[in-house]
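Here's a short tour for anyone meeting this structure for the first time. Have a look at the picture, then read on.

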Amino acid sequence: MMKMDLVAGVDTHEALPASCTVAAMPTALSRLTDRFADYLELTKPRIAVMALFTVAAGYLLGAGASSDVRTLLHTLIGAGLVAAGGSALNHLLERGIDARMRRTANRPLPSGRLSPEQAAAFGAALSGAGLAYLLATVPTAGFLAAAVTITTYVLVYTPLKTLTEWNTIVGAVPGALPPVIGWCGARGWAGVEGAAALFAILFLWQIPHFLAIAWMYRHDYAGAGFRMLPGTDPSGRRTAVVMIITAGLLIPVGFVVHAAGVGGWTSAIGTALVGLYFFRRAIGFGRDRTDRQAKRVLRASLLYLPVVFGLLLVDAFLAK
């Protein structure tokens, strides 16, 4: 019994500090996982997924019966790398502003989990790799559309957020280019009117979509230094007018797309109906300029885009 107690005592004495040390120190795997999560956050994956959806739709609508899985994958890989790199560079440029907003203060850069140098190298590497990949695998037009996208997003739109309340209009340009990348990846410069029609859908859609977000977070944005229209429009009247006009233009845009040779009457009529629903939500915000109504506009916008591109793809599939 004494021997067993002695052995047990020795084992406990030697093992307990070791187990405590292991429990107190994060494992190499957990550190690696955390670091991966931080780099992944820099790429804004949810935005990237939405962008790649429109890239794929643009490719399929442009290629039609000539769709090729390999070319589609090449386009998605290159565009995805460019989008991820642009988002990382956006995080880098806005790290000071993010630190002043409660909902963004815990991002990897303002929190100090990643350094500006790490984010710069990561963003530049992804962007460069994506552009090089597109140049090597798809028509030059696809590469140029991606190059214009990241240039206007990082070097034009991002700085303008603190300079003018109309930055949303400028930002809608790079935001509307992903389906153009897909179209040009499939057809080059051929049928550019179709690419322009897809651009018009996303350009108009983004304005009420982002104004709804900017209204809900107007105080955070203003406090951080962003110059957004809702932040300089206390009554919300000007914000509502812009929302209503741009949402209203989405009602007939499907017929414009059809006239450009993309989709058919089913998608044109369906686009008009879902556009009417979006427009009604914008009217609702105009009558009652509250966060609740802005959230309804946001939800309508999140419904609009997949429905419209889904209808266009169904039309293309049936025609095929």
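## Helix H3 and its surroundings

A good many residues of H3 are buried: Ala 48, Ala 51, Thr 54, Val 55, Ala 56, Ala 57, Gly 58, Tyr 59, Leu 61, Gly 62 and Ala 63. Keep in mind that this is a predicted model. The helix covers residues 45-63, and its end C-alpha atoms sit 26 Å apart; that agrees with the expected 27 Å, because 19 residues at 1.5 Å a residue should span about that much.

Both ends of H3 have something to look at. Lys 44 belongs to the loop between helix H2 (28-42) and H3. Its phi is positive, about 50°, even though Lys 44 is not a glycine. Most residues other than glycine have a negative phi. Is Lys 44 buried or exposed? Lys 44 counts as buried because its relative accessibility is 15%, and the cut-off for buried is under 20%. At the other end, H3 is followed by Gly 64, which also has a positive phi, near 60°.

## Thr 54, a buried spot in H3

Now zoom in on Thr 54, which lies in H3. With a relative accessible area of 1%, Thr 54 is buried. Which residues does Thr 54 contact, leaving aside its neighbours within four places in sequence? They are Pro 178, Pro 179, Leu 202, Leu 305 and Phe 309.

Val 180 is 126 residues away from Thr 54 along the chain, yet their C-alpha atoms are separated by 8.7 Å.

## The nonpolar core

The largest nonpolar core takes in 73 residues, and the ones with the most contacts inside it are Leu 198, Ile 201, Tyr 304, Phe 309 and Leu 312. Helix H10 (residues 192-216) gives the most to this core, supplying 14 residues. In soluble globular proteins, nonpolar side chains tend to be buried together.

Take Leu 198 as an example. Not counting residues up to four places away in sequence, Leu 198 touches Gly 58, Leu 61, Pro 179, Trp 183, Val 262, Phe 309 and Leu 312. Gly 58 and Leu 61 are on the list of buried H3 residues too, while Pro 179 and Phe 309 also turn up as contacts of Thr 54.

## Thr 168 in helix H8

Another threonine to find is Thr 168, placed in helix H8 (residues 167-175). Thr 168 is buried as well, with a relative accessible area of 9%. Setting aside neighbours within four places in sequence, its contacts are Ile 207, Phe 210 and Met 228.

How far apart in space are Thr 168 and Thr 290? Their C-alpha atoms are 20 Å apart, with the two positions 122 residues apart in sequence numbering.

## Helix H12 and Ala 240

Helix H12 runs over residues 237-249. Its 13 residues reach 19 Å from the first C-alpha to the last, close to the 18 Å expected. The buried residues here are Thr 239, Ala 240, Val 242, Met 243, Thr 246, Ala 247 and Gly 248. An α-helix has 3.6 residues a turn, so residues three or four places apart point the same way.

Ala 240 sits in H12, and at 4% relative accessibility it counts as buried. Beyond neighbours within four places in sequence, Ala 240 is in contact with Phe 285, Gly 286 and Arg 289. Thr 71 is another story: Ala 240 and Thr 71 are 42 Å apart, C-alpha to C-alpha, and 169 residues apart in sequence.

## Stepping back to the whole chain

How many helices and strands are there in the protein chain? There are 15 helices and zero strands. The C-alpha trace spans about 95 × 50 × 40 Å along its principal axes. Of the 320 residues in the chain, 44% are buried. Among contacts between residues at least 6 apart in sequence, 74% join residues at least 24 apart.

As for the outside, the accessible surface comes to about 15,900 Å², and 68% of it belongs to carbon and sulfur atoms. The chain has 27 positive and 17 negative charges, and their mean positions are 10 Å apart.

How values were computed:
Residues numbered from 1 in each chain as written. Predicted model: local features only at pLDDT ≥ 70, side-chain atom pairs only at ≥ 80, totals over all residues. Heavy atoms only, no water. Helix = DSSP H or I, 4+ residues; strand = E, 2+ residues; numbered from the N terminus. Expected span 1.5 Å × (residues − 1). Buried < 20%, exposed > 50% of the residue type's maximum accessible area, 1.4 Å probe, protein only. Contact = heavy atoms within 4.5 Å. Areas by Shrake-Rupley, 256 points an atom, 1.4 Å probe, with all protein chains shown as cover. Lys, Arg positive; Asp, Glu negative; His and termini not counted. Charge placed at Lys NZ, Arg CZ, Asp CG, Glu CD. Core = buried A, V, L, I, M, F, W, Y, C linked by side-chain atoms within 4.5 Å.
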